Structure formats: structure tokens, C-alpha cells
Amino acid sequence: MTDVHLVASHSAAGTLRAAIHQHGLSGKVFCIMDALEFGPLSDGRARATFWRSLTVPGHSDAIPYQERDDAFAPWRELQTFVAAEHPQRLLVWASESGAD
């Protein structure tokens with residue numbers, strides 16, 4: 001594998017996986033599922049608690065960290081993967097909106 005693709009939403013991850021498959025590209029897609037423009041950034045547990053405080057049970061599928069106690073866990077998973085696989089490139093897919 002030569003590439004790791006980083007996106008911030010499940011929608012973007014699915015679209016990118018389809019494009020990679022359709023066009024015969026390489027790489028693994030990681031979805032961080034976060035909106036970094038909101039909430040605390042210095043503590044993963046506080047961040048997860050912040051996101052859970054915004055949820056309405058049964059109606060908040062798009063809210064990050066409903067099932068995680070540490071908002072930084074996806075970042076550590078990405079770090080571990082990069083350290084083990086040594087991809088040639090880490091591609092961050094983003095737009096002018098931090099939510100995209």
C-alpha cells in the first residue's frame with residue numbers, strides 16, 4: 001500500500017472508498033469522524049463527553065464519539081497503522097469547512 005487517505009465523515013469515507021475502487025487506486029481510508037471546530041481539543045475524554053452531551057438518544061447517528069470514551073482513539077489507531085505500514089503518502093481530504 002502506498003497511500004493513507006484521511007477524511008472527517010462517514011459519507012466522505014464511503015465516497016472515497018468507492019472512487020478508489022472504481023478507478024483502481026490504492027490506499028486505505030481512515031475516517032476520524034470529528035468536527036474540530038467545536039468542543040475541547042486538549043483532552044480526549046472531555047471531547048467525547050462534550051459530543052455525547054449534544055446527542056438525543058435514537059436521533060444522533062452523525063454525532064462523533066457516541067460509543068467511545070476517548071475522542072483521540074481514532075487518531076492513535078491512525079498513528080499505529082502509519083507506523084506499522086509505512087505508507088508513502090498521507091492524504092488529508094478537506095475543504096474550507098472543517099466539517100467536510
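Helices (H or I, at least four residues) and strands (E, at least two) are DSSP runs, numbered from the N terminus. With these terms, Arg68 can be placed in the loop between α2 and α3. The structure is a predicted model, in which local features need pLDDT of at least 70 and side-chain atom pairs count only at pLDDT 80 or more, while totals for chains, interfaces and linings use all residues. Residues are numbered from 1 along each chain as its sequence is written, and side-chain values use heavy atoms, with hydrogens and water left out.

**Overall layout**

The protein has 3 helices and 3 strands, and from the N terminus on these elements follow one another in the order β-α-β-α-α-β. Burial is judged by relative accessible area, where buried means under 20%, exposed over 50%, and partly exposed in between (1.4 Å probe, protein chains only); on this scale, 30% of the 100 residues of the protein count as buried. The accessible surface, calculated by the Shrake-Rupley method with a 1.4 Å probe and, for residues, with only the protein chains shown as cover, comes to about 6600 Å², and 55% of it belongs to carbon and sulfur atoms. Contact means heavy atoms within 4.5 Å, and of the contacts in the protein with a separation of 6 or more, 55% are between residues 24 or more positions apart.

**Nonpolar cores**

In soluble globular proteins, nonpolar side chains tend to be buried together. A nonpolar core is here a set of buried Ala, Val, Leu, Ile, Met, Phe, Trp, Tyr and Cys residues joined through side-chain atoms within 4.5 Å. The largest such core holds 6 residues, namely Val4, Leu6, Phe30, Ile32, Leu78 and Phe81, and the elements giving two or more residues to this core are β1 (3-7) and α3 (73-85). Apart from this core lies another, of 5 residues, which include Val7, Ala13, Ile20 and Val29. Within the largest core, Val4 touches Lys28, Phe30, Leu78, Phe81, Pro87, Arg89, Leu90 and Leu91, when residues up to four places away in sequence are not counted.

**Residues in the loops**

The table places five loop residues beside their relative accessibility.

| Residue | Loop | Relative accessibility |
|---|---|---|
| Ser9 | between β1 and α1 (10-22) | 18%, buried |
| Met33 | between β2 and α2 | 15%, buried |
| Leu36 | between β2 (28-31) and α2 (44-53) | 45%, partly exposed |
| Arg68 | between α2 and α3 | 32%, partly exposed |
| His86 | between α3 and β3 (89-92) | 60%, exposed |

Leaving aside residues up to four places away in sequence, Ser9 touches Cys31 and Met33. Met33 is not a glycine, yet has a positive phi of about 50 degrees, and the phi of His86, likewise a residue other than glycine, is positive and near 50 degrees.

Leu36 joins Leu41 and Trp75 in a nonpolar surface patch of about 280 Å². Patches are made of residues with over 30% relative accessible area and no salt bridge, with like charges joined within 9 Å and nonpolar side chains (Val, Leu, Ile, Met, Phe, Trp, Tyr) within 5 Å, a salt bridge being a side-chain nitrogen of Lys or Arg within 4 Å of a carboxyl oxygen of Asp or Glu.

Arg68 is in contact with Ala48, Arg52, Ala73, Pro74 and Glu77, its neighbours within four places in sequence being left aside. The C-alpha atoms of Arg68 and Gly44 are separated by 9.8 Å, although these residues are 24 residues apart along the chain.
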